[in-house]
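Here are my notes on the model you sent over. I've kept them as numbered points so you can follow along in the viewer.

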Amino acid sequence: MTAPDAALAEELPLHLPEYLVRQRWFAAKGRPVSAVSVAAVTPLVEGSELLLDLCLLRVEFADSPEPDHYQLLLGRRTVPATELEYATIGAVGGHVAYDAMWDPEATRWLLDAIRESRVCGDVRFVPEPGAELPVGMPGRILGVEQSNTSVAYGDKSIFKLFRRIAPGLNPDLELHRALRRVGSEQVAGLQGAVEGVLDGQPATLGMLQDFAGNSAEGWAMALASVRDLFAEADLYASEVGGDFAGEAHRLGQTVAVLHSELAEALGTGSRDGAELGAALAARLSVAAAQVPELGEHVAGVRAVYESLSGTIPTQRVHGDLHLGQTLRTPYGWLILDFEGEPSATLAERVQPDSPLRDVAGMLRSFDYAAYHQVARQGASEGEEHQLHQRAEEWATRNRTAFCDGYAVGAGADPREQQTVLKAFELDKAVYEVVYETRSRPTWAPIPLGSIARLVSDSAPSAAR
C-alpha cells in the first residue's frame with residue numbers, strides 16, 4: 001500500500017470520526033479516540049467515473065498507545081447514485097466519497113479481480129485452486145454481520161471484507177484453508193481471498209466462499225423454538241411443534257466432526273490445567289474490577305478455576321462458537337466465522353485451545369436463546385417466574401441434546417470433563433457480563449444468572 005494522496009490524507013479524516021461511530025463494525029465505540037488518519041491507500045480503479053481505493057485507517061486512543069486499524073473500500077464519484085446515499089462519508093477531492101461495499105459496480109470489480117488473480121500494489125486477489133467464480137456479477141450487501149461486511153453474488157458466492165485489520169493471517173482464512181485440505185463438509189467451501197500488507201507484515205483483507213442458499217441461521221431457529229414453547233403453556237418442550245432438540249443433537253455431531261477435522265489438519269497438543277486455571281482467574285480479576293456486579297460471584301468462580309489440574313488436550317478450535325455462527329442448510333449444519341473471540345489479540349486467537357471451549361460457547365448460546373426471550377416478553381412478576389421455568393426447561397433440553405450429539409460425533413462425552421467444561425462456561429459468562437454491561441445493560445442479568453446457577457451446583461469433580 002502507498003501513502004494517501006493529498007485529498008485522501010487531508011480531507012477524508014475530517015469525516016471519519018463521526019462516520020466511524022455510526023458503523024456497526026467499529027469496535028471502539030465508547031473509547032476516547034484521539035486521532036483518525038489514513039495510514040495507507042491502494043488505488044484499485046482510476047481514470048473512470050468510479051474512483052476506487054482500498055484504504056487502511058489508523059485509529060489512535062487516549063487510553064492506550066496501541067492503535068487499531070480498520071479497512072475501508074472507498075468509492076468516489078462526482079454524482080453517486082441515490083441508493084448510495086446511506087453509505088456516503090463526505091466530500092473528498094471534488095468527489096463524494098462513500099463505502100463502496102454498497103456499490104454494485106465496485107463489488108463486481110472485486111469478484112472479477114479475485115477470479116483474474118489481479119495484483120494492485122501490495123494487494124493480491126487470490127482465487128483458490130479449482131474454484132469456479134461467477135463472471136461480471138454485482139454483489140448485494142448483506143446486513144447480518146456486525147464486525148465485518150459481506151456481499152453475496154447471486155446464490156453462488158459470498159465475499160467478506162474484514163473491517164478490523166491486524167498483521168498476520170486471519171484465522172478465518174487460515175482454518176478454512178486447512179479444512180479445505182481435508183475435504184471438510186462442515187464449512188462453506190473457500191473460493192478465494194484478498195491479501196495485503198500492514199506494518200510490513202502480511203495481512204488478510206477479505207475472503208470469498210460458497211454461498212449457502214436456502215439456509216437458516218441457528219440463532220433465529222432457536223428463538224423461534226423458544227417462542228413456540230412460550231406460546232404453549234400447557235405443553236412440554238418435547239411436545240411443541242417447534243422443538244429444537246433434534247437440530248441441537250445434529251449440531252453437536254457437526255461440531256464434533258469439525259473438531260476432528262481441525263485436529264487432523266493442524267495437529268494437537270496439551271496444556272497444564274493449573275496454568276489454564278490461573279489464566280482464567282486473571283481474566284476474572286480484570287472483569288470484576290470493571291463490573292462490580294460480579295463481586296458476589298468471584299469466590300465461587302475462582303474455586304472452579306482453582307480445581308483445574310492435570311493435562312488438558314488442545315488443538316485449533318473455532319474460539320467464538322455460538323448459534324449465530326451456524327447455518328442450517330437442506331444438507332445439514334455449517335459452521336461460520338472462525339476469527340475467534342473479538343476482544344482477543346490475533347496472537348491469542350491462533351493459539352491451540354481445548355475443544356471444550358467451543359462446546360461451552362454453544363451451551364451458553366442455548367441459555368441466551370431461552371432467557372433472552374424471557375426478557376423480551378415484558379411479563380408480570382408472576383408470569384416471569386413461569387417463563388423462567390419454561391426457559392430453563394428449553395435450555396436444559398437443548399444443552400443435553402447438543403452434548404449427546406457431540407458425544408456421538410466425537411466418541412467421548414464432553415460432560416465427562418465436567419470441571420473443565422464448567423470453567424469454560426464460566427469464563428464465557430464472565431466475558432458476557434462485561435460486554436453486556438457496556439453495550440446492552442438490560443441483558444446483563446442473563447449471564448449473571450447463569451454464573452449464579454453454575455457456581456451453586458455441587459462441587460465439581462477433579463479435572464480429567
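1. Start with helix α4 (residues 171-181), which lies across β10, β12 and β13. Helix α4 runs at about 145° to β12. Keep in mind throughout that this is a predicted model.

2. Now the sheet under that helix. Seven strands make an open sheet, and going across you meet β6-β7-β12-β13-β10-β9-β8, with antiparallel pairing. Which strands stand at the edges? They are β6 (119-120) and β8 (140-142); each has a single partner strand, so one side of each is left without a neighbour in the sheet. Helix α3 (residues 104-115) also packs on this sheet, where it touches β6, β7 (123-127), β9, β10 (157-162), β12 and β13. The direction of α3 makes about 70° with that of β7.

3. If you want to check the strand register, begin at the β6 end. β6 and β7 pair antiparallel over 2 bridges, and V119 has R124 in β7 as its bridge partner. These two strands form a hairpin with 2 residues between them. G121 sits in the turn with a positive phi of about 60°. Moving inward, β7 and β12 are antiparallel partners over 4 bridges, with P127 bridging to G192 in β12.

4. At the other end, β8 pairs with β9 (residues 148-153) over 3 bridges, again in the antiparallel sense. A handy marker there is I141, which stands opposite V151 in β9.

5. Two residues will show up in any Ramachandran plot, so to speak, and neither is a glycine. D199 has phi near 55° and belongs to the loop between β12 (190-198) and β13 (201-210). N214 also has phi near 55°; its place is the loop between β13 and β14 (216-217). Are they buried or exposed? With a relative accessible area of 57%, D199 is exposed, and N214 is exposed too, at 69%.

6. There is another open sheet, this one of 3 strands in the order β14-β17-β18, with antiparallel pairing. β14 and β18 (332-335) are its edge strands, each pairing on one side only. Between β14 and β17 there are 2 bridges, in the antiparallel sense, and A216 has R328 in β17 as its bridge partner. Helix α6 (residues 245-266) packs on this sheet by touching β17 and β18, and its direction makes about 50° with that of β18.

7. While you're in β17 (residues 326-329), look at T329. At 11% relative accessibility, T329 counts as buried, because the cut-off for that label is under 20%. Leaving aside residues up to four places away in sequence, T329 touches A212, N214, S215 and L334. N214 is the exposed loop residue from point 5.

8. On to the nonpolar cores. The largest has 69 residues, and the members that touch the most others are Y305, W394 and F402. Helix α10 (residues 355-377) gives the largest share of this core, 11 residues. A second, separate core has 37 residues, including M101, I114, L133 and Y153. As general background, nonpolar side chains in soluble globular proteins tend to be buried together.

9. Y305 deserves its own view. What does Y305 touch, not counting residues up to four places away in sequence? The contacts are G277, L280, A281, L284, A423, L426, D427 and V430.

10. Helix α13 (residues 445-456) makes a simple geometry check. At 1.5 Å a residue, its 12 residues should span 16 Å, and the end C-alpha atoms are 16 Å apart, which agrees. The buried residues of α13 are I446, P447, L448, S450, I451 and L454.

11. Last, the cysteines. How many disulfides does the structure hold? The count is 0. Take C55: the closest cysteine sulfur is in C120, 13 Å from the sulfur of C55, and that is too far for a bond, since a disulfide needs the two sulfur atoms within 2.5 Å. C55 is buried at 0% relative accessibility, and C403 counts as buried as well, at 3%.

Note on methods. Residues numbered from 1 in each chain as written. Predicted model: local features only at pLDDT ≥ 70, side-chain atom pairs only at ≥ 80, totals over all residues. Heavy atoms only, no water. Core = buried A, V, L, I, M, F, W, Y, C linked by side-chain atoms within 4.5 Å. Buried < 20%, exposed > 50% of the residue type's maximum accessible area, 1.4 Å probe, protein only. Contact = heavy atoms within 4.5 Å. Expected span 1.5 Å × (residues − 1). Pairing = 2+ DSSP bridges. Axes fitted to C-alpha atoms, helices over the stretch in contact; angles between N-to-C directions.
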